[in-house]
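Visitor: Please take a close look at one surface part of this structure, and then follow the contacts from there into the rest of the chain. I would like the reasoning behind each assignment spelled out where a cut-off decides it.

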Amino acid sequence: MATTINYDNLIFNVCAFITGLFLLDYGADKFVDHTAVIARRLGISATLIGLLTAGAEWEELVVVVASIAQNNSALALGNILGSSISNILGAFSLGLLFSKDETIYFDRSSKIYVGLLSIITTVFCFFLAVYRVQFGRVGGTIFCFAFFIYIASIGWGIYRGVVDPPEDSDSDSDSDSSSDSDSDDDDDEEAARHIQKSMEGYRSSSSSDDGGSSVEAIPLQAHRKSSSISHRIPGMVGHKRNVSVAHVQPRKPSRGVFYHVCQLLVGFVTVSISGYVLSHSVGTVGDAFNLSDTLLGVTLLSFATTLPEKFVAVVGGRKGQGGIVVANTAGSNIFLLTLCAGVLFLAGDLNQLVNSVTSFEIIMTWVSSAIFTVIVFYGGKRWMGTGLLVLYVVFILLEFVLGRGESGH
């Protein structure tokens with residue numbers, strides 16, 4: 001029977017979806033940045049916090065929780081599988097494609113993370129293949145427990161120096177750029193010291209020349225730099241050749257921990273709102289076109305929520321930071337297949353999850369992980385990135401072709 005589409009409602013939800021993406025990017029960036037600042041201020045390992053934020057899919061967890069709250073567990077499971085596939089075929093592929101090197105070789109720590117992901121993916125796919133309602137809560141408990149073991153093992157590995165953790169990556173912005181000017185002030189102070197030394201050399205050379213003007217004593221680069229910090233250098237006054245620097249104004253004190261806690265909460269609330277908006281708008285669009293919740297989760301929602309990972313992959317590849325790309329992909333998928341899946345099977349509607357995903361989707365999840373593992377262990381090339389992207393496009397097209405158009409409502 002033909003379905004009448006309410007175009008006003010459809011357009012509204014499409015706009016809400018786009019707005020949710022902007023909220024997601026803003027909230028995730030703020031949440032990650034200020035988490036790192038708090039960790040540094042409290043003396044927590046910056047490396048560990050960086051790994052958790054780089055490889056953690058907090059926005060995906062919010063989407064899962066929002067879907068469960070809306071009694072849409074099938075959408076959440078589809079999003080988990082779709083995001084796992086998208087992180088490899090749609091994001092990691094971009095890291096290879098935009099790499100500045102023709103061949104990328106990955107370090108030992110990258111191989112450790114990917115090997116662990118391979119094991120977790122195999123267990124998760126097997127669980128879905130034999131899934132029964134009575135297994136759900138037990139499986140959820142196991143996945144959550146595996147996540148905490150994973151976090152503990154990373155902390156222990158970093159402490160013991162067993163692995164070299166990847167660099168921070170989920171947001172390449174400076175963690176204090178929106179709240180502190182610490183890094184800028186440090187750069188300016190260094191430049192100020194350099195200029196002051198140059199001025200001292202200038203004065204000494206001037207006095208040794210009996211008042212002669214020595215324009216060579218002050219490097220041109222330092223002189224130019226002085227113009228950008230003319231209000232930040234204490235005790236310097238004009239001296240010959242119009243080299244004039246004003247007195248510095250007092251440096252603004254660093255923000256306190258309470259400020260960063262508030263900003264972290266703002267970021268978390270924003271991410272939570274975006275997760276609710278995204279899941280609700282996608283579900284409504286699916287209803288309008290009579291599409292299943294799982295199909296929307298595997299395709300549109302998973303693509304949207306992994307946009308930050310795709311951006312990180314492009315930047316990491318262009319800068320030759322293969323470890324960042326791998327940590328972002330492997331860490332994100334481990335987070336999805338342990339904590340997100342565990343929360344879903346513990347709190348979701350287990351009856352909705354029966355036959356909510358197809359064998360094709362389960363196989364593609366495992367195959368993409370296997371390809372990822374082989375590339376990391378043996379090295380990646382640009383043409384492999386192109387191949388993975390093509391495979392991702394084929395996967396999306398097959399999702400719509402292989403009978404997933406009937407709504408699961």
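Guide: A nonpolar patch is made of residues that have over 30% relative accessible area and no salt bridge, with nonpolar side chains such as Val and Leu joined within 5 Å. The model to which this rule is applied here is a predicted one. The patch to look at consists of V390, V394, L398, V401 and L402, which together make a nonpolar surface of about 410 Å². One of its members, L402, lies in the segment after α15, a helix that covers residues 382-401. L402 has a relative accessible area of 49% and is called partly exposed, because that class lies between the buried limit of 20% and the exposed limit of 50%. The UniProt record, in an unreviewed entry, annotates residues 385-403 as a transmembrane region, and it lists further such regions, including 6-26, 110-131 and 324-347.

Helix α15 also leads to a polar contact, since R382 is placed in this helix. The side chains of R382 and E102 meet in a salt bridge, with an N to O distance of 3.4 Å, and the count for the structure comes to one salt bridge. E102 sits in the loop between α4 (73-97) and β1 (103-104), and the pair links parts of the chain that are 280 residues apart. E102 is partly exposed, with a relative accessible area of 47%, and R382 is likewise partly exposed, at 30%.

Two of the annotated regions can be described by their extent. For residues 6-26, the end C-alpha atoms lie 31 Å apart, and the span is 95% helix and 0% strand. For residues 110-131, the end C-alpha atoms also lie 31 Å apart, with 91% helix and 0% strand.

The second of these spans brings us to the aromatic contacts, of which the structure holds 12 pairs. In one of them, the rings of Y131 and F345 have their centres 5.6 Å apart and their planes at 55°, so the pair is tilted. The reasoning is that 5.6 Å falls within the 6.5 Å limit for a pair, while 55° is neither under 30 degrees, as stacking would require, nor over 60, as an edge-to-face pair would require. Y131 lies in the loop between α5 (108-129) and α6 (136-160), whereas F345 lies in helix α12 (residues 322-347), so the pair ties together parts that are 214 residues apart in sequence. Y131 is buried, with a relative accessible area of 8%, and F345 counts as buried at 1%. Y131 and F345 belong to one aromatic cluster together with F124, F127 and F143.

Helix α12 also holds F335, which counts as buried because its relative accessibility of 2% is under the 20% limit. F335 and L117 are 218 residues apart in sequence, yet their C-alpha atoms are 9.6 Å apart in space. Another contact of this kind involves C262, found in helix α9 (residues 257-288), whose C-alpha lies 9.0 Å from that of H34 although the two residues are 228 apart in sequence. C262 counts as partly exposed, at 29% relative accessibility.

As for the cysteines, the count of disulfides comes to zero. C340 is in no disulfide, and the nearest cysteine sulfur, that of C144, is 9.5 Å away; a disulfide would need the sulfur atoms within 2.5 Å. C340 is buried, with a relative accessible area of 0%, whereas C15 counts as partly exposed at 41%.

Two loop residues complete the view by way of their backbone angles. Most residues other than glycine have a negative phi. N71, however, has a positive phi of about 55° and lies in the loop between α3 (58-69) and α4, where its relative accessibility of 49% makes it partly exposed. N355 has a phi near 60°, again a positive value in a residue other than glycine, and its place is in the loop between α13 (350-353) and α14 (359-378). N355 is exposed because its relative accessible area of 72% is over the 50% limit.

Notes
Residues are numbered from 1 along each chain as its sequence is written. This is a predicted model: local features need pLDDT of at least 70, side-chain atom pairs count only at pLDDT 80 or more; totals for chains, interfaces and linings use all residues. Side-chain values use heavy atoms; hydrogens and water are left out. UniProt positions are given in the numbering used here, feature names are shortened, and annotations may be inferred rather than shown by experiment. Helices (H or I, at least four residues) and strands (E, at least two) are DSSP runs, numbered from the N terminus. Patches are made of residues with over 30% relative accessible area and no salt bridge: like charges are joined within 9 Å, nonpolar side chains (Val, Leu, Ile, Met, Phe, Trp, Tyr) within 5 Å. Accessible areas come from the Shrake-Rupley method with a 1.4 Å probe; for residues, only the protein chains shown count as cover. A salt bridge is a side-chain nitrogen of Lys or Arg within 4 Å of a carboxyl oxygen of Asp or Glu. Buried means under 20% relative accessible area, exposed over 50%, partly exposed in between (1.4 Å probe, protein chains only). Rings of Phe, Tyr and Trp (its six-membered ring) pair if their centres lie within 6.5 Å; planes under 30 degrees apart count as stacked, over 60 as edge-to-face and the rest as tilted.
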